[in-house]
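This report goes through one protein chain, from its overall layout to single residues. The sequence and the structure come first.

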Amino acid sequence: MLSLRADYAKKQSCNYSVFVSFPYNAFYIQLIKTLPDRTWIPESKEWEVGQNSYQQLMNLIESHNLSYIVYLNIFHNLNLLWAEARLN
């Protein structure tokens with residue numbers, strides 16, 4: 001299962017990112033590496049996916065019918081921001 005949490009970007013050059021973590025799974029890693037705006041953060045053992053790749057991440061998750069859990073710190077607000085950014 002994938003764990004998703006939204007937060008301020010750490011290594012991506014954007015305002016917000018989704019941080020993805022999961023127990024080691026070569027298939028998941030292969031999928032994440034197809035995203036253009038992603039960075040491995042070894043200290044926290046998670047992938048940072050920039051807001052520009054958010055929709056692609058969700059499309060991958062849905063198209064492969066992957067299970068995930070969302071941690072709702074600022075995720076709802078980020079969805080609104082990203083939707084607004086896509087309209088511009």
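Two residues are in contact when heavy atoms of theirs lie within 4.5 Å. By that criterion, among the contacts in the chain between residues at least 6 apart in sequence, 60% join residues at least 24 apart. The model is predicted.

## Overall layout

The secondary structure consists of three helices and five strands. Followed along the sequence, these elements give the pattern β-β-α-β-β-α-β-α.

The chain has 88 residues, and 39% of them are buried. Its exposed area is about 5,500 Å², of which carbon and sulfur atoms supply 52%.

## Nonpolar core

The largest nonpolar core holds 18 residues. Those touching the most other members are L2, L4, V20, F22, I32, L57 and I61. Two or more residues each come from strand 1, strand 2 (16–21), helix 1 (26–32), strand 4 (46–50) and helix 2 (54–63). Helix 2 gives the most to this core, namely five residues.

V20 is one of the residues that touch the most other core members. With residues up to four places away in sequence left out, V20 touches L2, S3, L4, I32, E46, W47, V49 and L57.

## S3 in strand 1

S3 sits in strand 1, which spans residues 2–8. Is S3 buried or exposed? Its relative accessible area is 18%, so S3 is buried, the cut-off for buried being under 20%.

Apart from neighbours within four places in sequence, S3 is in contact with F19, V20, S21, I69 and Y71. The contact between S3 and V20 also appears in the list for V20.

## Q51 in a loop

Q51 lies in the loop between strand 4 and helix 2. Q51 counts as buried because its relative accessibility is 16%. Which backbone atom does the side chain of Q51 reach? The partner is the backbone nitrogen of Y16, at 2.9 Å.

## Y71 and a surface patch

Y71 belongs to strand 5 (residues 68–71). Its relative accessible area is 44%, so Y71 is partly exposed; that class lies between the 20% limit for buried and the 50% limit for exposed.

M1, I69 and Y71 make a nonpolar surface patch of about 310 Å². A patch member needs over 30% relative accessible area, and Y71, at 44%, is one of the residues in this patch. Two of the patch residues, I69 and Y71, are also among the contacts of S3.

Key. Residues numbered from 1 in each chain as written. Predicted model: local features only at pLDDT ≥ 70, side-chain atom pairs only at ≥ 80, totals over all residues. Heavy atoms only, no water. Patch = residues over 30% accessible without salt bridge, like charges linked within 9 Å, V, L, I, M, F, W, Y side chains within 5 Å. Areas by Shrake-Rupley, 256 points an atom, 1.4 Å probe, with all protein chains shown as cover. Salt bridge = Lys/Arg side-chain N within 4 Å of Asp/Glu carboxyl O. Helix = DSSP H or I, 4+ residues; strand = E, 2+ residues; numbered from the N terminus. Buried < 20%, exposed > 50% of the residue type's maximum accessible area, 1.4 Å probe, protein only. Core = buried A, V, L, I, M, F, W, Y, C linked by side-chain atoms within 4.5 Å. Polar contact = N/O pair within 3.5 Å; in protein donor to acceptor, adjacent residues only side chain to side chain.
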